[in-house]
Amino acid sequence: RVTSLYEENHSALVRVKAVYPPREEEDVPQVVIGTGFFISREGLIITNASIVYQPLRVWVEHDNIAYSADVLGLDERANIAFLRTHTLPESFNFFHLADRADLPKVGGFVLRLSMPLEFDPSPNLGIVTGFESRFGERFFPCTYIRTNVPAGPGDGGSAYLDLTGRLLGIQVGSLPDVGSSYILPARAALR
């Protein structure tokens, strides 16, 4: 099932790159890399706001081809941003942001599809480990889904699916000390 879900959906993923001015002690501009995914046939992409917050330039890579993109809007608190490419790839898939109130069950399988570092689209299987509306002193804008899928460089903005192929949401945070990641549910991203 994981193999077929990967084959059906990996073409919806993009690598998001944003260039920022050099830090004071350096002369080289900083490039931030993350994952994003198409949510419409018109080229609308969702990713993390932390990747594309006030950059000098943003672009996405799909099948090793770069496409310039604009930031249409972002929500820092939820850590999501919406982009649109100037031109579309010849062939790509997209996920539907469905307005479903039900959340997956604890112990249910989740499949993360991401673009870590400079690697090709990569699947990672895990389970739902809980739900939180806050962590420590930080309150979330809604109930987040916690998984046991660890987050690495470039995984921010990844798509999470259940094994029926339904989009559960977008990775918006991580807890590296316990190898966990937080997902903003698709319903909340749609709203």
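## Cavity, pocket and selected residues

The largest cavity is lined by Ala98, Arg100, Asp102, Leu103, Pro104, Ile145, Arg166, Leu167, Leu168, Pro185, Ala186 and Arg187. The structure is a predicted model. Searching the whole structure gives one cavity of 30 Å³ or more, and the space in the largest cavity amounts to about 90 Å³. At least two lining residues come from each of E11 and helix H2 (186–190). Sorted by class, this lining holds eight nonpolar and four charged residues, with no polar ones.

The largest pocket has a volume of about 170 Å³. Strand E9 (138–147) and strand E11 (167–175) are the elements that give two or more residues to its lining. E11 provides the largest share, four residues. In total 13 residues line the largest pocket, and those nearest its centre are Arg138, Phe140, Val172, Gly173 and Ser174. The classes present in the pocket lining are nonpolar (seven residues), polar (three) and charged (three). E11 therefore appears in the account of both spaces: it supplies at least two residues to the lining of the largest cavity and four to that of the largest pocket.

The table sets out the class make-up of the two linings.

| Space | Volume | Nonpolar | Polar | Charged |
|---|---|---|---|---|
| Largest pocket | about 170 Å³ | seven residues | three residues | three residues |
| Largest cavity | about 90 Å³ | eight residues | no residues | four residues |

### The chain as a whole

The protein chain contains two helices and 12 strands. Read from the N terminus, the order of elements is α-β-β-β-β-β-β-β-β-β-β-β-β-α. The C-alpha trace spans about 45 × 40 × 30 Å along its principal axes. A compact globule of 191 residues would have a radius of gyration near 16 Å, and the protein chain, at 16 Å, agrees with that.

Of the 191 residues in the protein chain, 47% are buried. The chain exposes about 9,600 Å², and 52% of this area is supplied by carbon and sulfur atoms. Taking contacts between residues at least 6 apart in sequence, 59% join residues at least 24 apart.

### Two asparagines with positive phi

Asn64 has a phi near 65°, a positive value in a residue other than glycine. Asn64 sits in the loop between strand E4 (57–62) and strand E5 (65–75). With a relative accessible area of 71%, Asn64 is over the 50% cut-off and so counts as exposed.

Asn79 is likewise not a glycine, and its phi is positive at about 60°. The loop that holds Asn79 runs between E5 and strand E6 (80–85). The relative accessible area of Asn79 is 10%, under the 20% cut-off, so Asn79 is buried.

### Ser180

Ser180 belongs to strand E12 (residues 180–185). Its relative accessibility is 7%, and Ser180 therefore counts as buried. Neighbours within four places in sequence set aside, the contacts of Ser180 are Arg146, Thr147, Asn148, Val149, Pro150, Ser174 and Leu175. One of these contacts, Ser174, is also among the residues that lie nearest the centre of the largest pocket.

Definitions and conventions:
Residues numbered from 1 in each chain as written. Predicted model: local features only at pLDDT ≥ 70, side-chain atom pairs only at ≥ 80, totals over all residues. Heavy atoms only, no water. 1 Å grid on protein atoms, 1.4 Å probe; cavity = no way out; pocket = protein on both sides within 12 Å on 5 of 7 lines; lining within 4 Å. Points joined across faces, edges and corners; volume = space filled by probe spheres on them. Nonpolar A, V, L, I, M, F, W, Y, C, P; charged D, E, K, R; others polar. Rg over C-alpha atoms; globule rule 2.2 N^0.38 Å. Buried < 20%, exposed > 50% of the residue type's maximum accessible area, 1.4 Å probe, protein only. Contact = heavy atoms within 4.5 Å. Areas by Shrake-Rupley, 256 points an atom, 1.4 Å probe, with all protein chains shown as cover.
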